[in-house]
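A label such as "buried" or "salt bridge" is a claim that can be checked. Look at the model first, then follow how the labels are reached.

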Amino acid sequence: QVQLAESGGGLVHAGGSLRLSCAASGSILSTAAMGWYRQAPGKQRVLVARVSSGSSTDYLDSVKGRFTISRDNAKNTVYLQMNSLKPEDTAVYYCNVRQMVNFLRYDYWGQGTQVTVSS
């Protein structure tokens, strides 16, 4: 099992910055990918950013150039630095760990942290 503990959400004015952190514990494989999703009210959860075990990254188009994902493998922690925040970034942000075991995919989720950007 994997447990995820998120922190760093809050209320910020447009143009401001926030940094989200997610510490993973439990049976984390070195090959696990770590990422952040978000879900706005009435909308589906979408991938915001993901970093592989090899440090390759993927970003939602609308956050490219503003958000940066990074991971500290020694601490099993993933970070999301969010700059130039916009009101449309308002959502609950969820940490995710994805790993493959015996060709089966396992997804683990944090409890979510609210990010609110005021205009």
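The questions below concern a predicted model and set computed values against cut-offs.

Q: Why is Tyr37 called buried or exposed, whichever applies?
A: Buried means under 20% relative accessible area. Tyr37 has 11% relative accessibility, so Tyr37 counts as buried.

Q: What makes Tyr37 and Trp109 an aromatic pair, and of which kind?
A: Ring centres must lie within 6.5 Å, and planes over 60 degrees apart count as edge-to-face. For Tyr37 and Trp109 the centres are 4.9 Å apart and the planes stand at 70°, so the pair is edge-to-face. A search of the whole structure finds 1 aromatic pair.

Q: What parts does the pair of Tyr37 and Trp109 tie together?
A: Tyr37 lies in strand E4 (residues 33-39) and Trp109 in strand E10, so the pair ties together parts that are 72 residues apart in sequence.

Q: How do you know which exposure class Trp109 belongs to?
A: Partly exposed covers values between the buried limit of 20% and the exposed limit of 50%. Trp109 has a relative accessible area of 36%, so Trp109 is partly exposed.

Q: What makes the contact of Arg38 and Asp89 a salt bridge?
A: The side-chain nitrogen must be within 4 Å of a carboxyl oxygen. From N to O, Arg38 and Asp89 are 3.0 Å apart, so the contact qualifies. Arg38 is in strand E4, whereas Asp89 is in the loop between strand E8 (77-82) and strand E9 (91-101), 51 residues apart.

Q: Are Arg38 and Asp89 buried or exposed, and how do you know?
A: The limit for buried is under 20%. Arg38 has a relative accessible area of 9%, so Arg38 is buried. Asp89 has 1% relative accessibility, so Asp89 is buried as well.

Q: Why is the contact of Arg105 with Asp107 called a salt bridge?
A: The closest N and O atoms are 3.4 Å apart, which is within 4 Å, so the contact counts. Arg105 is exposed because its relative accessibility is 53% and the cut-off is over 50%. Asp107, with a relative accessible area of 28%, is partly exposed. Elsewhere, salt bridges that share partners join Arg38, Arg66 and Asp89 into one network.

Q: What makes Arg45 count as a charge over the ring of Tyr94?
A: The distance must be within 6 Å of the ring centre. Arg45 lies over the face of Tyr94 at 3.7 Å from the ring centre, so the distance condition is met.

Notes:
Residues are numbered from 1 along each chain as its sequence is written. This is a predicted model: local features need pLDDT of at least 70, side-chain atom pairs count only at pLDDT 80 or more; totals for chains, interfaces and linings use all residues. Side-chain values use heavy atoms; hydrogens and water are left out. Rings of Phe, Tyr and Trp (its six-membered ring) pair if their centres lie within 6.5 Å; planes under 30 degrees apart count as stacked, over 60 as edge-to-face and the rest as tilted. Helices (H or I, at least four residues) and strands (E, at least two) are DSSP runs, numbered from the N terminus. Buried means under 20% relative accessible area, exposed over 50%, partly exposed in between (1.4 Å probe, protein chains only). A charge sits over a ring if NZ of Lys or CZ of Arg is within 6 Å of the ring centre and within 35 degrees of the ring normal.
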